[in-house]
Amino acid sequence: MTDATIVLETHDVTVHFAGRASLFGKPASTVKAVNGVDLAIAAGETVALVGESGCGKSTLSNAIVGLQKPTAGSIKIAGQEVNGASRRQLNAIRRRVQMIFQDPALSLDPRSTIGATIGEPLLVRGIARGAKLKRRVGELLTQVGLRPEHAERYPHQFSGGQRQRVVIARALALEPELVICDEPVSALDVSVRAQILNLLVALQKRTGVAYLFVSHDLSVVRHIADRVVVMYLGRIVEEAARETFFADPKHPYTRALMSAVPEANPAVQRAKQRYVLSGELPSPANIPSGCPFHTRCPLATDICLSERPELTPRPDGARVACHHA
Ligand SMILES: Nc1ncnc2c1ncn2[C@@H]1O[C@H](COP(=O)(O)OP(=O)(O)O)[C@@H](O)[C@H]1O
Ligand SMILES: [Mg+2]
């Protein structure tokens, strides 16, 4: 990747939350949600971010869009460092990155018409008003498969899938270079999920937008991602191009995630079963020593208890943090 094509580059991003002291006088422990993430996304690329619930995907996403201040690390958007940027610079940077959340019902103001909602970023930034704004909102509605006359309606007059289309239209209003989609179809009926995914793919073809696509559903990831990043307890443990990722998953955690997805071929299914994920995700307030995955890992040996494996490049381009993979 050359610098010009990188829309997002994070270095060592860390987000810790101060814990509350317990009722019984135990000292407050820090919740280490994100622990040193290096991530780059190229223009027009779709990077999937996967991992169990609680592993830090949303916290990292929030840090990238500026909803959560990182404890440490650097976030560059289109080459510009966010940390220490002036208000004005931030305003310009923020326009380039938008976010789509899981539940469209919570993302939309029930008292605003969807036209007002979609047009708001354009109005606030003085990009369009009056007839021009109306026209632009109509275009955005059409782009997401709705109709210009829908602008007059309120969110409750739409289905869940249609509401997510509205959210997507608003996210695209400022022509961002990166859209972070945090579980964008998880709250939707199964019957409309594919439609929304196909819409996201079509919009990317048209606009060249890059996606950071957060999902715990590997069948969705397989459909949409160019590259897959796996997080465990706030760290990247594996990263690979989609083909490599699905053909040759390397980290035992990745294999365990995959073993949860049913496989048509019984031989493959049996091979995968060796990696069933046992036990609970440890608390990010109390991350295991050494390799954070060792408490659940079928391959763990002494070194895994004492030394955290670095994310290391492989000949096939994957990066993996495991002593034994
Ligand atoms: N504002 C917060 N204060 C304290 N802990 C938080 C906060 N936000 C998230 N966490 C904790 O950080 C961890 C990672 O959460 P999250 O990023 O939401 O994970 P994911 O999106 O992968 O499910 C979880 O243990 C969660 O409880
Ligand atoms: Mg989340």
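# Chat about strands, a ligand and a loop

Trainee: How many bridges join β3 to strand β9?

Mentor: There are 4 bridges between β3 and β9 (residues 227-232), and the two strands run parallel. Keep in mind that this is a predicted model.

Trainee: Which residues stand opposite each other there, say for L49?

Mentor: L49 has V229 of β9 as its bridge partner. V50 stands opposite V230 in β9.

Trainee: And which strand pairs with β3 over 4 bridges in the parallel sense, apart from that?

Mentor: Strand β8, residues 210-214, pairs with β3 in that way. The bridge partner of T46 in β8 is Y211.

Trainee: Is β3 mostly covered or mostly open?

Mentor: Mostly covered: the strand spans residues 46-50, and 5 of its 5 residues are buried.

Trainee: Which of them point which way?

Mentor: T46, A48 and V50 point one way from β3, while V47 and L49 point the other way. Both sets are buried.

Trainee: Zooming out, what is the strand order in the open sheet of 8 strands?

Mentor: The order is β6-β7-β8-β3-β9-β10-β12-β11, and the pairing is mixed. The edge strands are β6 (97-100) and β11 (312-313), each of which pairs on one side only.

Trainee: What about the open sheet of 4 strands?

Mentor: That sheet is antiparallel, with the order β2-β1-β4-β5. β2 and β5 (80-81) are at its edges with a single partner strand each, so one side of each has no neighbour in the sheet.

Trainee: How many bridges join β1 to β2?

Mentor: β1 (residues 6-17) and β2 are joined by 9 bridges and run antiparallel. F17 stands opposite V31 in β2.

Trainee: Changing topic, what surrounds ligand 1?

Mentor: F17 and V31 again, together with A33, the run E52, S53, G54, C55, G56, K57, S58 and T59, and finally P284. By class, the shell has 5 nonpolar, 5 polar and 2 charged residues.

Trainee: Which elements each supply at least two residues of the shell?

Mentor: β2 (31-42) and α1 (57-65) do. α1 gives the most, with 3 residues.

Trainee: Which backbone atom lies 2.6 Å from an oxygen atom of the ligand?

Mentor: A backbone N or O atom of G54 lies at that distance from an oxygen atom of ligand 1. On the side-chain end, K57 has a polar atom 2.9 Å from an oxygen atom of ligand 1. T59 has a side-chain N or O atom 2.5 Å from an oxygen atom of ligand 1.

Trainee: How much of the ligand's accessible area does the protein cover?

Mentor: Ligand 1 has 560 Å² of accessible area on its own, and the protein covers 61% of that.

Trainee: New topic, R296. Where is R296 found?

Mentor: In the loop between α11 and α12.

Trainee: Is R296 buried or exposed?

Mentor: Buried, because its relative accessible area is 5%, under the 20% cut-off.

Trainee: What does the side chain of R296 reach at 3.0 Å?

Mentor: The backbone oxygen of G279. The side chains of R296 and Y232 are also joined by a polar contact of 3.1 Å.

Trainee: Which residues is R296 in contact with, leaving aside its neighbours within four places in sequence?

Mentor: E52 and Y232, plus a run made up of L277, S278, G279, E280, L281 and P282. E52 also appears among the residues surrounding ligand 1.

Trainee: Where is N286 placed, then?

Mentor: N286 is in the loop between α11 (266-272) and α12 (302-306) as well.

Trainee: Is N286 buried or exposed?

Mentor: Exposed, because its relative accessible area is 58%, over the 50% cut-off. The C-alpha atoms of N286 and G208 are 41 Å apart, with the two positions 78 residues apart along the chain counted as their separation.

Trainee: Last one: which residues of helix α4 are buried?

Mentor: In α4 (residues 114-124), the buried residues are I114, G115, T117, I118, G119, P121 and L122.

Trainee: What covers them?

Mentor: The cover includes α5 (130-143) and α6 (160-172).

Trainee: And what follows α4?

Mentor: G126 does, and its phi is positive, near 70°.

Conventions:
Residues numbered from 1 in each chain as written. Chains lettered and ligands numbered in written order. Predicted model: local features only at pLDDT ≥ 70, side-chain atom pairs only at ≥ 80, totals over all residues. Heavy atoms only, no water. Near = heavy atom within 4 Å. Polar contact = N/O pair within 3.5 Å; in protein donor to acceptor, adjacent residues only side chain to side chain. Areas by Shrake-Rupley, 256 points an atom, 1.4 Å probe, with all protein chains shown as cover. Nonpolar A, V, L, I, M, F, W, Y, C, P; charged D, E, K, R; others polar. Buried < 20%, exposed > 50% of the residue type's maximum accessible area, 1.4 Å probe, protein only. Pairing = 2+ DSSP bridges. Contact = heavy atoms within 4.5 Å.
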